[in-house]
Amino acid sequence: QTVGLGHVFFSIELEVDGGHAVPHYGVALFGQVKTEDLVVAEKDATRNHVQKSVCLVSREPCFRWMLSALRPAAELFFDQRDFSNRSVLLSALRSFAGGTSQCLHCIKTHQGLNPAGLVRRFGRKLLSLYKLMLLEPRMVLFAPKCQDASRLVLSLASLVPGLLQTLSPQHQKPQAQTSPP
């Protein structure tokens, strides 16, 4: 039995045809299984627990849809305790192709992100966070769980129209460089 898979949202630049980098958005679900509970133990499983993650990457920032589509397959993948058998993930991958309209709806409504939760959690301090996000090219935010931290960052970014689509190093302001005297 898998005990609570964690997840994290992320953005990454991937090279596509022509060699130019394009921003992609993803969700990774991760967990661990005791080595002794594995049905098929891998040769390199030398520790007490085996940690694995399953990722889904899209060209669109449809985080909630990706999480809800990937979670059942990831839970089955971990529950089978045989990481060499990827048939569950392959069948899930085939079913993702039909979810384009759901993904687009998620993008328009920012499902999975929680701007209202930001207001409840930070109150008036949210305005300071918002200003900081607009003024500083880089911020570091902490949370007890990585899924909370990634949701916090993306929820904050969703407050600025169009910002989610530009979450990539390519779109960040260049840092001023100083030359030695």
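Q: How much accessible surface does the protein have, and what share of it belongs to carbon and sulfur atoms?
A: This is a predicted model, where local features need pLDDT of at least 70, side-chain atom pairs count only at pLDDT 80 or more, and totals for chains, interfaces and linings use all residues. Residues are numbered from 1 along each chain as its sequence is written, and side-chain values use heavy atoms, leaving out hydrogens and water. Areas come from the Shrake-Rupley method with a 1.4 Å probe, and for residues only the protein chains shown count as cover. The surface is about 11,800 Å², and the carbon and sulfur share is 55%.

Q: In what order do the helices and strands run from the N terminus?
A: Both are DSSP runs numbered from the N terminus: helices are H or I with at least four residues, strands are E with at least two. There are six helices and three strands here. The order is β-β-β-α-α-α-α-α-α.

Q: Which residues of helix α5 are buried, and why do they line one face?
A: Buried means under 20% relative accessible area with a 1.4 Å probe, protein chains only. Down the axis of α5, the buried residues fall within an arc of 60° (taken from the directions from the helix axis to the C-beta atoms), so they sit on one face. They are L126, L129 and M133.

Q: Which residue in β2 stands opposite E13?
A: β1 (residues 6-15) and β2 (residues 21-34) pair antiparallel over 10 bridges; pairing takes at least two DSSP bridges. The two strands form a hairpin with five residues between them. Opposite E13 stands P23.

How values were computed. Buried means under 20% relative accessible area, exposed over 50%, partly exposed in between (1.4 Å probe, protein chains only).
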